[in-house]
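Could you walk me through this model, one selection at a time? I have it open in a viewer and am seeing it for the first time.

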Amino acid sequence: MLSKIVRTVTNEFMLFILVFGFYIIAHGHLTPGGGFQGGAVIVSGVVMLLVAFNSQELKKTLHERVLSIMESTGALIFIALAFAGIGTAFCYNFLVGSPIFGRIPATGPNPGDIWTGGVIPLMNFAVGLKVIAGLSAVVLAMALFSSGEEIEE
Amino acid sequence: MTSILESGYAFWNPIIWIIAFVVVMVIVYFFRRRGQKQYKKDTAQARIFLCGEEVPEAGQRHIRVGNIYWGFFETLKEYYNQVLRPHTGIINDYILWFVAVTAISVIVLLIAGLAK
Amino acid sequence: MDHIPFNFPFLAAALLVGVSFYIIIFKKNLIKLIMGVAMLAAGVNLFLVSLGFRAGGAAPIYTNVTEGPMVMPVPQALTLTSIVINVAVLALMLTMVIHIYRHTGSLDSEKSRKMKG
Amino acid sequence: MAALITHSPILIIAIPLLAAFLTLPIGMASKKARNALVIVSLTFVAFLVFALARDISINGIHIYTLGATSPDLTTPTGFMVPVRIILEVDGMSILMGIIWSIVSLAAAIYSLSHIASETGQNRFYTLLLLMVTGGFGMMFTGDLFNLFVFLEIASISGAALIAFRTRSADTQEGGFKYIVVSAIAGLMVLFAIGLLYAQYNLLNIGALAQVIQYTTLDKIALALLLIAFAMKTGMVPLHLWFPDAYSVAPASITGMLVITSHACMYAAFRVCFTLYGGVIDAPVVGWILIVFGLLTMFVGVTMAVYQKDVMRFMSYHAISQLGYMWVGVGVGLAVLGNPALLATYGRDAISGGIFHILNHAMYKPLLFFTGGALFHYTGTRDLTKMGGLAHKMKWTTILYIIGTLSISGIPPLNGFSSKILIYESVFRFNPILTITGIIVSILTLASFTKAFHSAFMGAELPEYKEGKEVPKSMIIAMMILAAGIVFITLFPSLIVDWAIHPAADALIDQGAYINAVTGAVP
């Protein structure tokens with residue numbers, strides 16, 4: 001565990017990292033970014049926590065079981081969205097034109113409309129969930145590993 | 001027929017083969033029945049005969065894998081010395097082989113293209 | 001950007017691939033080997049991304065398009081997929097190396113091997 | 001039913017994917033439900049594969065476009081070339097799909113008791129189903145980049161499964177070697193795809209095949225693709241990782257890895273025949289395949305005779321058998337530009353090679369499964385410690401004999417029917433190939449006799465007096481594959497006419513594959 005200054009700063013910064021990560025996930029269909037990138041940003045925050053506190057401490061809050069379920073849920077939402085379009089074709093963007101994320105974006109330079117993209121923003125969220133859970137589990141498992149402890153099933 | 005496989009020169013039919021095999025087996029069985037009939041079960045006749053020596057225990061009697069085909073390996077010693085040399089078990093060497101074979105294939109393809 | 005020769009990134013990619021193959025073939029330390037694989041991935045990714053470059057092109061963002069050409073978005077998507085895959089591959093490799101170190105107490109690819117022939 | 005068949009290519013890929021992520025939440029609740037989910041989903045996939053196969057034999061190549069307004073709309077309105085992800089299933093793909101569905105189902109059934117004592121079984125089944133997804137994806141995709149993605153999915157899950165038993169060092173070493181080799185091969189495939197994309201701005205195989213030129217860059221890309229896939233297949237001298245990885249995996253996974261090997265071989269054939277089919281320098285590439293194939297056959301079998309570890313010994317045999325396929329298809333490729341020779345023996349040689357893939361996919365997993373049964377019973381893979389096991393393991397012995405006779409090409413088993421097709425067609429190309437093939441076949445029989453004697457024959461050893469035959473699910477899995485062997489044995493011509501010749505024609509007929517994508521009238 002590092003000094004109190006580092007821990008306090010980490011705690012404060014974690015909020016900004018989370019906000020920035022979710023911003024990248026939510027704007028994946030408008031700007032560069034998306035589920036994986038935003039998830040990776042958030043996991044960088046988890047790595048920061050891991051450095052500031054130690055892996056044993058973090059294990060008490062980040063449960064392996066919860067991470068596994070989160071990861072499976074993300075993947076399942078993604079596949080379910082892909083299956084939902086199967087009336088036309090697999091992965092068909094069935095939300096275009098509907099009230100949810102259904103607007104057609106304007107061409108040319110514009111500030112961007114978040115309410116567009118059909119299933120793509122939803123898929124971004126699903127991927128983000130999976131990446132956050134999966135990469136945190138990987139990082140946590142490796143940290144526990146190197147401190148000589150197995151992660152339990 | 002769904003069993004005849006044409007291979008260009010000849011044909012192959014497993015059903016005919018099996019019928020022939022069964023016929024041969026019947027003939028073999030016929031000859032076998034004409035053999036000696038004095039054999040008695042559960043007597044000294046059924047025991048293993050090893051030049052009159054004591055027969056060793058099951059664990060010692062079994063010929064283990066290391067002793068099978070000794071002559072084969074002895075004859076091909078030179079070949080095996082050569083062929084075992086690249087099997088180092090080191091991952092770096094595996095990739096070296098990959099790079100070498102890719103380079104050779106590229107060169108062969110380019111030279112073949114030049115010859116045209 | 002006009003003063004940089006167009007094929008400069010390709011030379012960099014070739015250099016990265018060459019150096020990483022040197023590392024993978026000649027460095028016996030398994031961690032260095034993993035670094036070599038990561039560098040090889042970086043080289044291939046750099047190659048892919050520079051494929052899509054068009055001189056004077058804008059970033060292919062829908063809400064940001066000005067007049068003129070855009071750089072090609074497909075190689076960027078390919079690179080991104082490749083990066084994601086490489087994250088998984090590297091994580092798996094590191095996990096296995098940790099296990100190998102635990103079992104054999106060595107990170108040397110010659111000393112830690114159990115199987116040959 | 002019609003809708004099911006229309007969507008079946010993607011359902012075959014997506015159902016294992018869906019099931020893969022369901023295993024974890026369901027497995028936390030109940031083990032039995034999870035096992036049922038795995039078996040039911042794989043059975044359903046196998047059913048879909050057979051339904052699709054029937055459809056393809058009637059209607060020809062099946063196209064599926066993801067995300068389109070209609071699944072057969074390959075080129076969206078306003079575009080000149082296909083841009084979406086396209087699945088394209090022809091005779092060759094569906095044959096590989098049939099093989100993969102049968103073997104993965106058998107492997108899942110085998111796993112039920114083979115890994116019953118391990119921890120982390122939920123993860124095991126997740127990875128197994130992901131591997132199934134990757135394999136089907138490689139076989140069905142019509143897009144080069146997707147080929148790479150699915151190749152990596154299969155490789156990553158395969159490597160994790162090889163290293164699944166973390167208790168011993170050799171599993172970790174095998175998994176590490178596998179993932180390093182796969183990563184480098186995969187990156188080289190990606191590099192080659194980049195080279196092709198740089199010139200033609202296309203990723204779809206059919207659309208690329210239409211415009212490809214065979215420039216210098218294309219030749220480099222061809223060499224990279226071919227050798228990278230060949231390394232994943234285990235072609236000598238790139239086979240060195242193969243026994244290391246295959247011998248340490250759980251036996252059910254080893255059986256599946258054999259088929260991923262075949263999937264990479266399929267990808268190599270797809271690249272040579274379909275992608276480069278019109279422009280390739282066929283004799284040169286054909287001879288490259290033949291020379292490496294001969295080397296693979298001979299070095300593989302001689303190394304196998306030498307081995308003392310049962311799984312390692314079978315791995316070297318898998319390498320050796322892969323050589324037959326390279327030689328058979330290589331001869332077909334060498335005469336691809338000559339229609340007269342192609343009709344005389346080229347098509348038969350390709351058919352023989354493909355038929356050998358089918359046969360090998362039946363008997364090699366069976367043999368690996370029996371090897372796993374020996375490991376299950378004795379707790380060791382070392383043949384020197386075994387002996388007299390036929391007294392206790394009657395079913396395993398019978399199944400091992402079936403596999404042995406089949407792999408050695410003893411009539412009337414199925415190995416013989418494909419080997420005779422290869423021998424007789426290849427003989428007219430070059431007799432040396434046939435002679436080498438027969439020598440290798442004899443050595444195969446010799447080495448399997450050796451392993452059979454040392455493991456099963458002899459008096460009952462005192463250390464193996466206790467113990468029972470392996471559990472029922474393992475026997476059932478082996479029985480499924482043995483039933484496949486017996487069926488192919490009895491009706492070789494039915495299989496050849498129904499599955500093998502369409503597959504060979506699909507490889508030869510590049511035009512049909514292109515037309516299916518570009519929409520031209522065939």
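Start by selecting chain B and follow its sequence: the pattern is β-β-α-α-α-α-α, giving 5 helices and 2 strands. Here helices (H or I, at least four residues) and strands (E, at least two) are DSSP runs, numbered from the N terminus.

A word on what you are viewing: this is a predicted model, in which local features need pLDDT of at least 70 and side-chain atom pairs count only at pLDDT 80 or more, while totals for chains, interfaces and linings use all residues. Residues are numbered from 1 along each chain as its sequence is written, with chains lettered from A and ligands numbered from 1 in the order in which they are written.

Keep chain B selected and turn it around. Its C-alpha atoms fill a box of roughly 80 × 55 × 25 Å along the principal axes. Buried residues, meaning those with 20 or more other C-beta atoms (placed from the backbone) within 10 Å of their own, make up 12% of the 116 residues in chain B.

Next, select chain A. From the N terminus on, you will meet α-α-α-α-α, that is, 5 helices and 0 strands. The C-alpha box for chain A is roughly 55 × 35 × 20 Å, again along the principal axes, and 38% of the 153 residues in chain A count as buried.

Finally, move to chain C and colour it by pLDDT, the predictor's confidence in each residue, from 0 to 100. Chain C averages 86, and 91% of its residues score at least 70. Look for helix α2 (residues 30-51) of chain C, where mean confidence is highest at 94, and helix α3 (residues 73-104) of chain C, where it is lowest at 91.
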